[in-house]
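Me: Please take a close look at one part of this model, the largest nonpolar core, and set it in the context of the whole chain.

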Amino acid sequence: MARRGMKIRNLDHFIRAMGDLANDAKQDFTTFLEGEGFKLLDIVQDKIIGMEVVDTRRLLNSFDKGGNDNVWTIKNGGLTLEIGTNVEYAAAVNDGHRQKRRWVPGRWKGDKFIYDPNSDTGMMLTERFVPGKPYWDNAIATFERIFPQDGQQWVDKWVQIQQRRRF
């Protein structure tokens, strides 16, 4: 039996167009992910403030793109977005930690303690567990609720734009 084939016209053009479309989608989705990263940073900062996490603002400011102690990585090839902080005490604040016994120099004025690093007097803090303020856990839970909706809205809008642009 003889081999028979069929030639589809413009198949090469269609395949190139699909490749271009996939590249456009990847680039556009990377931009979307970056925006979602900013959204997550805002949520984390809101949780730190809303949960009244005791902070010298170093932790709060570390959750900002370009911050001194932040982590901000986008890998276009694998579409990876990684955000976080390198502040060494961030996990202890979130999870809780054991506070060791320590001496704090200063003096008492009535019922108020005044810290003075040069004082010969002071107080001894006893060891205790400091409960965490799960700002990160709560921020991730909030983000995980909104990300699927944001993603679906992005896909729907992107498809509409591509349909108007290409077809």
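Reply: In this predicted model, the elements of the protein chain run α-α-β-β-α-β-β-β-β-β-α from the N terminus on, which amounts to 4 helices and 7 strands. The largest nonpolar core has 17 residues, and those that touch the most other members are Val44, Ile48, Val53, Leu59, Phe63 and Tyr135. Two or more residues come from each of helix 1 (11-50), helix 2 (58-62), helix 3 (90-95) and helix 4 (135-166), and helix 1, with 5 residues, gives the most to this core.

Leu59 offers a useful view of the surroundings: leaving aside residues up to four places away in sequence, Leu59 touches Ile48, Val53 and Tyr135, and also Thr85, Val87, Tyr89, Ala90 and Val93. Ile48, Val53 and Tyr135 are themselves listed with Leu59 among the core residues that touch the most other members.

As for the whole chain, buried residues make up 28% of its 167 residues, while the protein chain exposes about 12,300 Å², of which carbon and sulfur atoms supply 52%. Among contacts between residues at least 6 apart in sequence, 60% join residues at least 24 apart.

Arg102, which lies in strand 4 (residues 102-109), has a relative accessible area of 43% and is therefore partly exposed, since that value falls between the 20% and 50% cut-offs. Not counting residues up to four places away in sequence, Arg102 touches Met123, Met124 and Leu125, and the C-alpha atoms of Arg102 and Thr126, 24 residues apart along the chain, are separated by 7.0 Å.

How values were computed. Residues numbered from 1 in each chain as written. Predicted model: local features only at pLDDT ≥ 70, side-chain atom pairs only at ≥ 80, totals over all residues. Heavy atoms only, no water. Buried < 20%, exposed > 50% of the residue type's maximum accessible area, 1.4 Å probe, protein only. Contact = heavy atoms within 4.5 Å. Areas by Shrake-Rupley, 256 points an atom, 1.4 Å probe, with all protein chains shown as cover. Core = buried A, V, L, I, M, F, W, Y, C linked by side-chain atoms within 4.5 Å.
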